[in-house]
Amino acid sequence: PLAPETIRLPAGDGVTLHARHWVNPDARHTILYFSGNGEELSDLAGYLPEYVRRGFSVLTYEYRGYGHTGGTPGEAAAYA
């Protein structure tokens, strides 16, 4: 299931990307995290909060065709 913190980002082609933003209110920097092949938001929740504890905010999203994000995976989809 999607976490309550999930952000839904509508893309221009009609696909809704699912993202998470772990916020550290004291952070001076935000890490834009591009996951590895086949990772979903639920996989990342186990270790990305460690970056928040170390002083950063973190923003990440699921690629098309992974997790709850629609569409079909592929190189062109990743660029889109």
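Hi everyone, let's start with the surface of this protein. About 5200 Å² of it is exposed, and carbon and sulfur atoms supply 54% of that area. Before I go on, please keep in mind that this is a predicted model.

So what about the inside? Of the 80 residues, 31% count as buried. For the overall dimensions, the C-alpha trace spans about 35 × 25 × 20 Å along its principal axes. Is that what we would expect for a globule? Let me put it another way: what radius of gyration would a compact globule with 80 residues have? The answer is near 12 Å, and the protein has 13 Å, which agrees.

Next, the building blocks. The protein has three helices and four strands. If you walk along the sequence, you meet them in the pattern β-β-β-α-α-β-α. Now look at how the chain comes back to itself: among contacts between residues at least 6 apart in sequence, 55% join residues at least 24 apart.

Let's turn to the sheet. In what order do the four strands lie? The order is β1-β2-β4-β3, in an open sheet with mixed pairing. Strands β1 and β3 stand at the edges with a single partner strand each, so one side of each has no neighbour in the sheet. From one strand to the next, the twist averages 25 degrees.

A quick reminder for those new to sheets: strands pair through backbone hydrogen bonds, and they can do this in a parallel or an antiparallel way. Here you can find both. Strand β1, residues 7–10, pairs with strand β2, residues 16–22, in the antiparallel sense over four bridges. These two strands make a hairpin with five residues between them. In the turn you will find glycine 14, with a positive phi of about 95 degrees. If you want a landmark in this pairing, arginine 8 stands opposite histidine 18 in β2.

On the other edge, β3 and β4 run parallel and are joined by four bridges. The landmark there is leucine 32, which stands opposite leucine 59 in β4.

Now I'd like to stop at one residue, arginine 20, which sits in strand β2. Is arginine 20 buried or exposed? Its relative accessibility is 11%, and because buried means under 20%, arginine 20 counts as buried. Which residues does arginine 20 contact, leaving aside neighbours within four places in sequence? Among them are Ala3, Glu5, Thr6 and Ile7, and also Leu41 and Ala45. Val58, Leu59 and Thr60 are on the list of contacts too.

Last stop, the aromatic rings. The structure holds three aromatic pairs. One of them joins phenylalanine 34 and tyrosine 61 edge-to-face, at 6.1 Å centre to centre and with 85 degrees between the planes. This pair links distant parts of the chain: phenylalanine 34 is in the loop between β3 and α1, tyrosine 61 is in strand β4, and the two are 27 residues apart. Tyrosine 61 also pairs edge-to-face with tyrosine 63, with 5.5 Å between centres and 75 degrees between planes. Put together, ring pairs link Phe34, Tyr61 and Tyr63 into a cluster. As for how covered phenylalanine 34 is, its relative accessibility is 49%, so phenylalanine 34 counts as partly exposed.

That's my tour. Thanks for listening, and do have a look at the model yourselves!

How values were computed. Residues are numbered from 1 along each chain as its sequence is written. This is a predicted model: local features need pLDDT of at least 70, side-chain atom pairs count only at pLDDT 80 or more; totals for chains, interfaces and linings use all residues. Side-chain values use heavy atoms; hydrogens and water are left out. Rings of Phe, Tyr and Trp (its six-membered ring) pair if their centres lie within 6.5 Å; planes under 30 degrees apart count as stacked, over 60 as edge-to-face and the rest as tilted. Buried means under 20% relative accessible area, exposed over 50%, partly exposed in between (1.4 Å probe, protein chains only). Two strands pair if DSSP finds at least two bridges between them. The radius of gyration is taken over C-alpha atoms; the globule rule is 2.2 Å times the number of residues to the power 0.38. Contact means heavy atoms within 4.5 Å. Accessible areas come from the Shrake-Rupley method with a 1.4 Å probe; for residues, only the protein chains shown count as cover. Axes are lines fitted to C-alpha atoms, for helices over the stretch in contact, and angles run from 0 to 180 degrees between N-to-C directions.
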